[in-house]
Amino acid sequence: MNFTNRVLTTTQDKIVPKVFDNFLSDNFVTFRFVGNGKKWVGETLKFPVKIGKNTLGGSFSGLDQHSTDAVETRTNMSYELKAYEIPVAIPGLDRLVNASEAQVINLVKTEMESSAQDGMDDVADMFYSDSTGNSGKDFEGAANLVDDTTTVGNLSRTTYPTLVSSILDFGGTMTLTKLATVFSGASGGSGAKQKPTLIDSDETVWDLYESVLSPTVTANYNAVGLPVVTRSSKGAIPNGQLRGSSGYTSLIYRGVPWVADEKATSSVLYMFNENYYEWYGINDPDMTQPNFGSSIDGALAEIPSKYAGLNWSGLMKPVNQYGTVGHIYLFGNFAASQPRRHGKGEDITGV
């Protein structure tokens with residue numbers, strides 16, 4: 001409706017004091033891994049892995065001689081420290097005007113939060129990549145950490161076949177049998193720690209799985225509601241137990257939550273074992289570790305924990321401009337210490 005100046009000159013516009021994120025994709029899986037990050041230590045991140053068996057043991061009797069040969073059964077996987085940066089630039093006049101009594105939303109705080117979320121959106125793209133982007137400077141990604149041919153942790157899967165992940169081409173059709181093949185291939189017997197803990201796909205594949213569930217299971221979901229996963233939950237929980245945490249809807253396969261992520265690779269599902277697939281971050285002691293708040297309401301309103309490797313340079317004044325600029329950094333890398341405990345299903349387009 002077009003009001004006259006009689007109204008416009010006597011009525012103040014109302015701006016809701018929160019910015020709503022209508023752009024970024026819901027990249028919950030990246031947020032979960034970075035949000036539960038572990039501390040990076042050392043110039044490279046090394047995992048001693050067993051790649052063979054000592055075959056010199058055996059039964060004996062009497063004074064049979066025993067072997068005294070040393071057998072090499074281990075080697076090191078290693079991951080390089082990598083870094084990401086995104087700037088936060090605030091023109092001085094913008095900041096000056098925003099600091100007046102007319103302020104509804106803090107400009108500096110909102111720009112910092114917005115840039116942090118934009119940065120996490122970039123990192124989510126890297127999460128599903130093969131780490132070759134930007135001349136190999138990108139973080140390690142699921143495309144090579146969960147694979148059967150590429151090098152992982154600077155070790156060749158051809159040389160060390162125990163590093164091969166459970167991979168299956170679905171040939172266009174999702175079935176429970178094919179899901180079981182990937183899951184069982186990534187599992188080590190019945191040990192709870194030796195099986196996938198999180199299944200991830202885009203919404204299309206997620207919907208396909210829902211369609212193959214039995215009518216009884218689907219009816220139960222409709223009656224009691226879908227379970228949810230939070231950043232820190234070990235498994236799916238009832239929606240009513242969120243208690244203030246951000247919940248993300250999940251389906252269940254063999255007791256494991258299956259979530260949809262808009263950044264996930266099309267027609268692909270991943271089965272991650274989070275005991276052996278993690279983010280390691282490191283903090284710069286000369287910077288601050290920001291705790292971004294709640295000016296922006298969106299998929300990434302909760303920003304990660306102290307071991308995320310998220311660092312803030314602080315705002316600095318250029319020598320020849322009226323304004324300030326700062327940089328948000330993310331230091332660390334994704335690492336898979338047991339690639340064989342993860343699985344991937346490819347070419348999933350129907351049921």
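**Surface patch and salt bridges in a predicted model**

L93, L96, V97 and Y322 together make a nonpolar surface patch of about 470 Å², where a patch joins residues with over 30% relative accessible area and no salt bridge (like charges within 9 Å, nonpolar side chains, namely Val, Leu, Ile, Met, Phe, Trp and Tyr, within 5 Å). This is a predicted model, in which local features need pLDDT of at least 70, side-chain atom pairs count only at pLDDT 80 or more, and totals for chains, interfaces and linings use all residues. Residues are numbered from 1 along each chain as its sequence is written, and side-chain values use heavy atoms, with hydrogens and water left out.

**The patch**
- L93 lies in helix α3, residues 92-98, and counts as exposed because its relative accessibility is 56% (exposed means over 50% relative accessible area, buried under 20%, and partly exposed in between, with a 1.4 Å probe and protein chains only).

**Salt bridges**
- The whole structure holds 8 salt bridges, each being a side-chain nitrogen of Lys or Arg within 4 Å of a carboxyl oxygen of Asp or Glu.
- K109 pairs with E113, with the closest N and O atoms 3.3 Å apart, and both residues lie in helix α4 (residues 107-127), 4 residues apart, which is about one turn of the helix.
- D121 forms a salt bridge with K263 at 3.3 Å between the closest N and O atoms, and this pair links distant parts of the chain, 142 residues apart.
- D121, at 10% relative accessibility, counts as buried, and K263 is also buried, at 17%.
- A network of salt bridges links D121, D125 and K263.

Note on methods:
Areas by Shrake-Rupley, 256 points an atom, 1.4 Å probe, with all protein chains shown as cover. Helix = DSSP H or I, 4+ residues; strand = E, 2+ residues; numbered from the N terminus.
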